[in-house]
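I sat down with this one to look up its salt bridges. Notes below, in the order I took them.

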Amino acid sequence: MTRIRPALAFAPCLLLAACASAPRADRGEPATVAIGSLQTAAAAAPVRVAGVVTAALPGADGQPGWLLQDAGDGDAATSDAIWVLGPAAAALAPGQAVAVAGTVRRAALPAAGKGRADTLLAIDAAQVEPLRSRSLDKRLQALAPVAVTAAPDWNALAGMRVRIAVPLTLADRDRERGTVEASFDGPLWQPGERAAPGSEAARAVAADNLRRRLTLSGDALGEAAFAARSGSRLDALEGIALARDGRPGLRLERAPQLQAAPRPQQPPRVDGDLRIAAFNLENLFNGDGRGAGFPTPRGARTEAEFKAQLAKLVETIHAMNPDVAALMELENDGYGADSTLAQLVAALDRADAADGGAQDWRYAAPCKQPCALATRGPGGDLIRVGLIYRGQRVAARGLAATLVQGPFGTHARVPMAQAFQALGADGRRGPAFVVAANHFKSKGCRDAEGADRDQNDGAACWNALRSDSARRLDAWLKTDPTRSGAALTMIVGDLNAYAQEQPLRELYAAGWQDAFAAAKVAAPYSYVYDGELGRLDHALLSPALAATLRGAAEWHTNADEPESAGYRGGGAGPWRSSDHDPVLLGFDLMPR
């Protein structure tokens with residue numbers, strides 16, 4: 001910790017001795033003590049402290065409360081602030097230099113809405129009196145905020161005025177709670193993205209996240225911070241150090257300076273002659289497909305919202321210009337003309353037509369048209385995976401294959417595998433390749449039992465089921481379910497596991513290669529949860545397909561964006577079309 005105390009450092013009791021405290025022992029009153037001396041062993045007997053009132057902080061029960069800070073006891077490991085509570089504190093105001101007599105205890109801070117209760121050293125004021133010495137008043141009022149130049153020990157600053165003298169990185173926003181998460185020394189990372197859950201390395205990442213994390217709150221925070229992208233820079237932060245839900249927090253006294261992170265206006269470009277994308281659509285539901293059926297179970301609440309959501313998704317996919325795209329969180333409503341999948345394909349054709357392009361978007365299905373799965377399936381989940389492709393660039397080879405057994409269809413979404421061949425301009429076809437779209441069980445803990453409960457290792461719930469899903473998926477794909485004989489196979493989609501968690505490790509051990517590692521992409525991420533970056537969206541390649549990989553990229557249009565940029569917030573453009581970033585891969589698969 002780098003912590004710079006104000007230039008003024010003295011023992012308040014010595015100054016008081018020069019004023020009015022010397023005879024107090026004769027009158028049976030407690031001697032004045034430094035606030036820092038009370039932090040490690042609260043006194044049972046009444047004590048007297050002196051300092052400057054810094055800010056109002058009402059008690060948890062609404063009783064009057066103020067923060068008081070003295071000039072320090074010379075120990076940087078103890079806070080020099082105390083919470084003055086009780087009716088005797090009602091008339092206090094910021095900037096006053098006062099002496100407070102009373103009993104000391106740990107008091108609960110007002111609840112923030114979730115998380116564990118936080119406490120602060122407090123004094124139940126029996127008596128409050130102004131300090132009348134002009135020299136004392138002047139010196140105490142000269143107290144400056146403690147300057148912090150690196151992530152400090154926040155316990156040693158609890159209740160004190162603090163100035164952050166280095167830039168912070170905006171990690172996440174929670175408008176409902178009125179808080180913004182920020183971090184020292186760059187972004188925070190999901191431990192499971194960097195190390196195996198439960199390992200010493202993963203615990204070290206989690207501990208470092210907690211050390212570097214800071215929750216910002218207060219009216220001074222301002223609307224700009226809530227509208228900024230994750231990764232934006234925050235400077236000139238000043239406020240009161242107050243824990244929030246068990247985490248370090250700073251209640252700002254003035255608006256920070258914000259340097260907004262720029263949006264990546266251009267979609268990523270990858271080398272290669274054929275592009276394959278993967279994209280979680282965040283619950284694309286179209287009602288009944290004819291303008292009614294709203295609100296939908298998991299997506300748009302009105303037809304207008306659906307149209308806005310569809311427009312954002314079409315703009316994203318159209319700009320990335322893939323030849324094949326794997327989709328997740330698509331409404332499971334069959335393959336008819338009114339299905340969400342069919343309407344997405346039609347909207348992509350309209351976007352192509354507006355640019356003078358070919359209107360040749362198609363979708364894969366596990367049945368011939370008209371498909372018997374007219375209303376739902378395979379699987380009974382509300383959402384499913386899908387595969388779409390450009391008919392002039394690739395040809396589907398046979399029908400799509402699906403895996404409906406074990407966890408698939410009951411917990412995880414049913415995987416879909418489709419064989420394709422790239423089409424050359426002269427009509428020749430490239431080698432067959434297989435794209436398998438997937439969406440594993442989420443980390444939510446509803447109905448989790450036994451090994452699927454949270455093991456407190458950072459992997460959350462259903463890790464055992466996701467690991468089983470990975471093993472079953474690998475075994476299924478090795479049976480050549482598309483009957484294509486293709487050695488060029490990929491697993492893409494939302495696996496709801498970070499890169500070093502067990503489901504991914506199962507697939508690595510089975511020979512599947514991480515496309516982003518193969519392409520040597522530094523620090524990839526597609527999702528931001530609780531202010532921490534990681535990948536739930538993966539692309540895993542068979543060794544033969546990995547040899548044809550020419551590039552891998554994510555388009556960070558979504559995960560860093562605030563929810564207000566999405567279709568429900570009225571935001572325009574591709575921004576926040578989902579809560580996941582789309583993935584784009586480039587391969588050399590065209591016929592030679």
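I started at Arg-550, which is partly exposed, with a relative accessible area of 39%. I keep in mind that this is a predicted model.

Next I looked up the partner. Arg-550 forms a salt bridge with Asp-588, and the closest N and O atoms are 2.9 Å apart. I found Arg-550 in strand β29 (residues 549-554) and Asp-588 in the segment after β30 (583-587), so I noted the pair as linking distant parts of the chain, 38 residues apart. Asp-588 is partly exposed too, at a relative accessible area of 27%, because that value falls between the 20% and 50% cut-offs.

Then I checked for shared partners. I got one network, in which salt bridges join Glu-181, Arg-213, Arg-247, Asp-530 and Glu-532.

Second pair: Arg-390 and Asp-360. Their side chains meet in a salt bridge at 3.8 Å, N to O. This one also links distant parts of the chain, 30 residues apart. I placed Arg-390 in strand β20 (residues 383-390) and Asp-360 in the loop between α7 (340-354) and β19 (361-363).

Buried or exposed, I asked of Arg-390? Arg-390 is buried, with a relative accessible area of 9%. Asp-360 is buried as well, at 8%. Both get that label because buried means under 20%.

Third pair: Arg-173 forms a salt bridge with Asp-172, with 3.6 Å between the closest N and O atoms. I have both Arg-173 and Asp-172 down as buried.

Last, I wrote down the total: the count comes to 42 salt bridges, taking N to O within 4 Å as the rule.

Methods
Residues numbered from 1 in each chain as written. Predicted model: local features only at pLDDT ≥ 70, side-chain atom pairs only at ≥ 80, totals over all residues. Heavy atoms only, no water. Buried < 20%, exposed > 50% of the residue type's maximum accessible area, 1.4 Å probe, protein only. Helix = DSSP H or I, 4+ residues; strand = E, 2+ residues; numbered from the N terminus.
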